[in-house]
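Thank you all for coming. I would like to walk through one structure with you this morning, slowly enough that we can look at each part together.

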Amino acid sequence: MQQLKRIALWFDSLLENLAQIALLSMILIVTVQVLTRKLFNYVLPWSEEVTLLLLVWFAFIGIAIGFRERLHLAIDSFTAKLPPLANKVLDKVIYAVTLAFGFYLVVSGTEFTQLMHESRLAATGLPNSIIYVIMPITGVLVCIYSFLQLIGIDTVRHKGMDEGGGH
């Protein structure tokens, strides 16, 4: 069990590092693109495609991390008036719906990735599916995190990130 936890933490760290690298890479590419355009009247032909790819991957990795950290939107004004048992049941329903959403991402993302595999990106020549393959990956992660939360395992790694002091 301890080995499984170590692997999960390693994977979570890898995921966060990948998101950070994607963000830093986007910043660098866009900065270089702006400088070369303004100073030399030249735009790197691949810069927009790669930036778009990094943006999509960063956003979907952020979705997975957000579900892991339970940073999704919540309106507590109604649920604060419910008894604790009703809130526990409601939390389980939310985790189940999140699990279904993750499953939807896996199925639809896989279909869309396969559909887009034959076409190529114009500037880089990479298969178009490279942009969309993050969808089923995110879906698997959302399924894992929501299942763990559903059975009562805390997936939050960064305590105190919620601003509203929620659950």
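I will talk about the helix at the start of the chain, then the nonpolar core, then the salt bridges, and at the end a patch on the surface. Please keep in mind throughout that what you see is a predicted model.

Let us begin with helix 1, which runs over residues 2-40. Helix 1 has 39 residues, and from its first C-alpha to its last it reaches 55 Å, which is close to the 57 Å expected at 1.5 Å a residue. After this helix comes Asn41, and if you look at the backbone there you will find that its phi is positive, near 55°.

Which residues of helix 1 are buried? They are Asp12, Leu15, Glu16, Ala19, Ala22, Met26, Ile29, Gln33 and Thr36, and the buried residues of this helix pack against helix 2 and helix 6. Take Gln33 as one of them: it counts as buried because its relative accessible area is 11%, and the cut-off for buried is under 20%. If we leave aside its neighbours within four places in sequence, Gln33 is in contact with Tyr42, Val43, Ser47 and Glu48.

Now to the largest nonpolar core, which has 15 residues, and in which Leu15, Val56, Phe60, Ile61, Ile131, Ile134 and Leu141 touch the most other members. Two or more residues of this core come from each of helix 1, helix 2, which spans 47-68, and helix 6, which spans 134-150. Helix 2 gives the most, with six residues. To see one of these positions in detail, please find Ile131, which, apart from neighbours within four places in sequence, is in contact with Leu52, Leu53, Val56, Trp57 and Leu121.

Next come the charged residues. As a reminder, side chains of opposite charge can pair when their charged atoms come close. How many salt bridges does a search of the whole structure find? It finds four, and I will show you three examples.

In one of them, Asp12 pairs with Arg68, with the closest N and O atoms 3.7 Å apart. Asp12 lies in helix 1 and Arg68 in helix 2, so this pair ties together parts that are 56 residues apart in sequence. Both Asp12 and Arg68 are buried, and for Arg68 the relative accessibility is 0%.

In another, the side chains of Glu16 and Arg157 meet at 4.0 Å, N to O. This pair links distant parts of the chain, since Glu16 is in helix 1 while Arg157 is in the segment after helix 6, 141 residues apart. Here the two partners are not equally covered: Glu16 is buried, with a relative accessible area of 15%, whereas Arg157, at 28%, counts as partly exposed.

Arg68 also forms a salt bridge with Glu69, where the closest N and O atoms are 2.8 Å apart, and Glu69 counts as buried at 5% relative accessibility. Taken together, Asp12, Glu16, Arg68, Glu69 and Arg157 are linked in a network of salt bridges.

Finally, let us turn to the surface, where Leu35, Leu39, Phe40 and Tyr42 make a nonpolar patch of about 480 Å². Leu35 lies in helix 1, and with a relative accessible area of 45% it is partly exposed, whereas Gln33, in the same helix, is buried.

Conventions: Residues numbered from 1 in each chain as written. Predicted model: local features only at pLDDT ≥ 70, side-chain atom pairs only at ≥ 80, totals over all residues. Heavy atoms only, no water. Patch = residues over 30% accessible without salt bridge, like charges linked within 9 Å, V, L, I, M, F, W, Y side chains within 5 Å. Areas by Shrake-Rupley, 256 points an atom, 1.4 Å probe, with all protein chains shown as cover. Helix = DSSP H or I, 4+ residues; strand = E, 2+ residues; numbered from the N terminus. Buried < 20%, exposed > 50% of the residue type's maximum accessible area, 1.4 Å probe, protein only. Core = buried A, V, L, I, M, F, W, Y, C linked by side-chain atoms within 4.5 Å. Contact = heavy atoms within 4.5 Å. Expected span 1.5 Å × (residues − 1).
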